[in-house]
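Work through the exercises below with the structure open. Each task is followed by a solution in steps.

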Amino acid sequence: MIFQRALRREMASAAGATFTVLFSISVTWTLITVLGMAAGGKVASGDVLALIAFAALNYLPTLVILTSFISVLMVVTRTYRDSEMVVWFASGLSLTRWIAPVLVFGLPLVLVTAGLSFIATPWAKQKSLEYVERFEKREDLQKVSPGQFKESASANRIFFVEGVAGKSAVVQNVFVNTIDEHGTAVIVAREGVVNTGAKGERYLVLKNGRRYQGTPGQSDFQTMEFESYSMRVTNQTQDLESERNVAAVPMMELLYDTTPAGRAEILWRIASPVTCLVLTLLAIPLGFVNPRAGSSANLIIAMLIFFSYSNLVKLVEANVKQGKSTFALSWWPLHLIVMLLVVALFAWRLNLNHRYHPLALLAALKRSRAADKKAVSP
């Protein structure tokens, strides 16, 4: 019991440090991405913090899986390097005695991964889509950022505003370039505001400006000055039906979705907690390291295994989504193969001292060659 408590405490400490580093990296990367989208006018600047929080929730299942895998691996590796495992084996204890404390530490993380994958992640994706869709449905002028050219939703009008008057909807120094069946028209005004008509239509009212119609130097070129000029702007605030995203569908609704995309999404969500459990057990035999060598090759191998495992899961998901394979025959074979790999590695470590073990045979071969050389030398 003392050993198990100390082991769980050490794994929890390693998990805390690992998760902090991984979470900081993911949040920093997300911050850069979202700020770039806000600077490009793809999302509202006021929604940046909310979008970062939703994106962090989307990354959490992968971060928890990687945290559980690395933390167990680091603790097992440390016991080998400090020769504690030598004492462990000399006391007649087996490597399988590590399974129980590791499961006590890992099962809560598996449940957290399942909760995130089944509940939190779909909710975060749905909210993120709502924020982006709400911004896309705003009027053309409201989407313009000061100092930037912005194309309208109908792709026939370009807006530019120099600034916004405080927190009001009034914009200053407006430039509008419109292309229609009559040609190209350029309008410049000192200020503009969006007003709502009696039937809910939206108008851009420009004040104190000029309008240029046609090509300069041609006979049809026109210019005029105005105190007030109104133009209809695109209004997309109606209830538009957005494209359905299965990644944002709640789990209970997704269970009734029999389409290939729905089945593939269920496969991906189930794979997260299963992957967390399998990799946590895999870290026990994979943590072996020679104390004399002091190599960190097992950590590199562990990262390769993690990314290969994740990519294979995505490959299986893509096959189901494209209809190349069925859900019933796709969700379990990959996890079974990795679990058999765990069993094989445990057997490898447990039978390391067996005389027919490959390493034991290699050591015997080296001793035989050394003895032959010694016998041949005078």
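**Exercise 1. Determine the volume of the largest cavity and describe its lining**.

Solution. The model is a predicted one.
Step 1: the largest cavity has a volume of about 30 Å³. The count of cavities of 30 Å³ or more comes to one.
Step 2: its lining is made up of Leu267, Val313, Val316, Ser330, Trp331, Leu334 and His335.
Step 3: assign these residues to helices. At least two lining residues come from α7 (297-321), and at least two from α8 (333-350).
Step 4: sort the lining by class. Five residues are nonpolar and two are polar, with no charged residues.

**Exercise 2. Work out how helices α1 and α2 are oriented relative to each other**.

Solution.
Step 1: take the two elements, α1 (residues 2-39) and α2 (residues 48-81); their axes are 6 Å apart, and the packing angle is about 150°.
Step 2: angles over 145 degrees count as roughly antiparallel, so α1 and α2 are roughly antiparallel to each other.
Step 3: classify the contact between α1 and α2. Its residues comprise 27 nonpolar, five polar and two charged.
Step 4: give the handedness. The crossing of α1 past α2 is right-handed.

**Exercise 3. Classify the aromatic pair of Phe54 and Trp123 and place both residues in the chain**.

Solution.
Step 1: the structure holds seven aromatic pairs, including Phe54 with Trp123.
Step 2: the ring centres of Phe54 and Trp123 are 5.7 Å apart, with 85° between the planes. Planes over 60 degrees apart count as edge-to-face, so the pair is edge-to-face.
Step 3: Phe54 belongs to helix α2 and Trp123 to helix α4 (residues 99-136). The two residues are 69 residues apart, and the pair links distant parts of the chain.

Note on methods: Residues numbered from 1 in each chain as written. Predicted model: local features only at pLDDT ≥ 70, side-chain atom pairs only at ≥ 80, totals over all residues. Heavy atoms only, no water. 1 Å grid on protein atoms, 1.4 Å probe; cavity = no way out; pocket = protein on both sides within 12 Å on 5 of 7 lines; lining within 4 Å. Points joined across faces, edges and corners; volume = space filled by probe spheres on them. Helix = DSSP H or I, 4+ residues; strand = E, 2+ residues; numbered from the N terminus. Nonpolar A, V, L, I, M, F, W, Y, C, P; charged D, E, K, R; others polar. Axes fitted to C-alpha atoms, helices over the stretch in contact; angles between N-to-C directions. Parallel < 35°, antiparallel > 145°, perpendicular 65-115°, else oblique. Left-handed = near helix turned anticlockwise from the far one by under 90°. Phe/Tyr/Trp six-rings, centres within 6.5 Å; stacked < 30°, edge-to-face > 60°.
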